[in-house]
Amino acid sequence: MNSLIIKDLHVSVAEREIVRGLDLEVERGKVHAIMGPNGSGKSTLAKVLGGHPDYRVTSGEVWMDGVNLLELEPDERSRKGLFLAFQYPSEVPGVSIANFLRAALQARLGEGEELEATDYYAKLYEKMALLEMDRSFTARSVNENFSGGEKKRNEILQMAMLEPSYGILDETDSGLDIDALKIVANGVNSLRGPELGILLITHYQRLLNFIVPDYVHVMMQGRIVLSGGKELAFELEEKGYDWVKEEAGELAAV
Ligand code: ADP
Ligand code: MG
């Protein structure tokens with residue numbers, strides 16, 4: 001029950017099928033990495049799991065701890081324990097990170113329930129200490145003039161505060177300098193634990209030097225074509241993706 005299960009998922013974007021029969025199970029407590037060439041549908045997978053309206057599931061199933069994820073609205077998915085790392089809002093001038101996160105947590109409480117300021121700040125500072133973040137960071141306006149590294153810091157802090165059951169991190173290829181990579185890696189490593197399953201999507205093996213995954217999957221042309229342990233990431237770094245294509249021969253014909 002305690003896993004995120006994707007069964008034979010098909011997703012279309014603008015009338016084109018991008019995810020084409022994808023199967024994957026992410027257990028709580030494990031880190032699964034998805035790697036794959038550009039255009040293989042990795043970000044599409046992340047977006048469709050989050051409930052992005054442009055991405056249409058044409059068939060397949062997604063279950064999160066026994067709940068049918070595809071029947072839920074995006075905000076319900078989040079309340080039920082799914083976190084998508086690229087969901088940080090665009091710039092919110094004048095709203096500090098501390099107030100933004102407080103509103104996000106307050107929004108999850110039932111009617112009449114009040115998030116106590118002292119409890120909130122205790123939790124915020126506990127998480128920041130865990131992530132080794134400077135407290136002054138939360139006084140900044142959300143995403144206003146943020147560097148790539150600061151955006152990552154904000155995402156990771158959001159994940160720490162929301163305490164999801166599953167975190168999906170789409171580390172897109174552009175703009176991740178080594179500092180940003182380390183922020184993501186330190187964050188994920190300190191949040192790792194039996195309650196949290198992570199799906200880490202990345203184009204570059206480099207990130208997996210810092211976050212050692214339990215499993216590595218290769219996605220090509222909308223499917224997982226090869227799965228293995230952490231050593232698979234090194235093999236891909238060394239040999240590229242072409243040999244995988246050959247092994248998954250029938251895909252080449254498409
Ligand atoms: P990856 O993250 O693996 O590089 P993407 O999921 O971003 O791959 O893209 C897979 C394919 O889907 C690409 O051909 C891309 O052009 C197409 N695609 C993704 N999003 C959209 C969209 N919103 N509209 C049209 N095509 C899209
Ligand atoms: Mg992508």
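Visitor: Which element gives the most to the shell around ligand 1?

Guide: In this predicted model, that element is α1, which contributes three residues to the shell around ligand 1. Both β2, spanning residues 16-27, and α1, spanning 42-50, supply at least two residues each.

Visitor: Which residues are around ligand 1, and what makes them count as such?

Guide: A residue is counted when one of its heavy atoms lies within 4 Å of the ligand, and the residues around ligand 1 are V13, R16, I18, P37, N38, G39, S40, G41, K42, S43, T44 and Y55. By kind, this shell divides into four nonpolar, six polar and two charged residues.

Visitor: What makes the approach of G39 to ligand 1 a polar contact?

Guide: The cut-off for a pair of N or O atoms is 3.5 Å, and a backbone N or O atom of G39 lies 2.7 Å from an oxygen atom of ligand 1, so the pair falls within that limit. The backbone of S43 also takes part, with an N or O atom 2.9 Å from a ligand oxygen, and a polar backbone atom of G41 is 3.0 Å from an oxygen atom of ligand 1. Taken on its own, ligand 1 has 560 Å² of accessible area, of which the protein covers 65%.

Visitor: Why is α1 called largely enclosed by the rest of the structure?

Guide: Seven of the nine residues of α1 are buried, and that is why this helix is described as largely enclosed. The buried residues are K42, T44, L45, A46, V48, L49 and G50, where buried stands for a relative accessible area under 20%. Just after α1 comes G51, which takes a positive phi of about 95 degrees.

Visitor: Why is E171 called buried or exposed?

Guide: The relative accessible area of E171 is 3%, and the limit for a buried residue is under 20%, so E171 is called buried. This residue is found in strand β9, which covers residues 166-171. The side chain of E171 is joined to that of K152 by a polar contact of 2.8 Å. Apart from neighbours within four places in sequence, the residues in contact with E171 include K152, E155, L200 and L207.

Visitor: What about L207: why is that residue called buried or exposed?

Guide: With a relative accessible area of 1%, L207 is under the 20% limit and therefore counts as buried. L207 lies in helix α7, residues 207-210, and, leaving aside neighbours within four places in sequence, is in contact with E171, L181, V184, L200 and T202. Its C-alpha atom and that of A33 are separated by 10.0 Å, although these two residues are 174 apart along the chain.

Visitor: What makes E91 partly exposed?

Guide: Partly exposed is the class between under 20% and over 50%, and E91, at 46%, falls into it. E91 is found in the loop between β6 (82-84) and β7 (92-96). Beyond the neighbours within four places in sequence, E91 is in contact with V142, N143, E144 and N145. The C-alpha atoms of E91 and N145 are 8.0 Å apart, while 54 residues separate the two along the chain.

Visitor: What is notable about the phi of E132, and is this residue buried or exposed?

Guide: Most residues other than glycine have a negative phi. E132 is not a glycine, yet its phi is positive, near 55 degrees. At 72% relative accessible area, E132 is over the 50% limit and therefore exposed. Its place is in the loop between α4 (117-130) and β8 (141-142). E163 also has a positive phi, of about 45 degrees, without being a glycine, and lies in the loop between α5 (148-162) and β9. With 46% relative accessibility, however, E163 counts as partly exposed.

Visitor: What makes a set of residues a nonpolar core, and how many residues has the largest one?

Guide: The members must be buried residues of the nonpolar kinds that count for a core, joined through side-chain atoms within 4.5 Å. The largest such core has 47 residues, and those with the most contacts inside it are Y120, L124, L157, L169, I198, I211 and L236. L236, leaving aside neighbours within four places in sequence, is in contact with M35, V218, Y241, W243 and V244. A second, separate core holds 24 residues, including L9, V11, V19 and L24.

Key:
Residues are numbered from 1 along each chain as its sequence is written. Chains are lettered from A and ligands numbered from 1 in the order in which they are written. This is a predicted model: local features need pLDDT of at least 70, side-chain atom pairs count only at pLDDT 80 or more; totals for chains, interfaces and linings use all residues. Side-chain values use heavy atoms; hydrogens and water are left out. A polar contact is a pair of N or O atoms within 3.5 Å; within protein, one must be able to donate a hydrogen and the other to accept it, and residues adjacent in sequence count only if both atoms are side-chain atoms. Accessible areas come from the Shrake-Rupley method with a 1.4 Å probe; for residues, only the protein chains shown count as cover. Helices (H or I, at least four residues) and strands (E, at least two) are DSSP runs, numbered from the N terminus. Ala, Val, Leu, Ile, Met, Phe, Trp, Tyr, Cys and Pro count as nonpolar, Asp, Glu, Lys and Arg as charged, and the others, Gly among them, as polar. Buried means under 20% relative accessible area, exposed over 50%, partly exposed in between (1.4 Å probe, protein chains only). Contact means heavy atoms within 4.5 Å.
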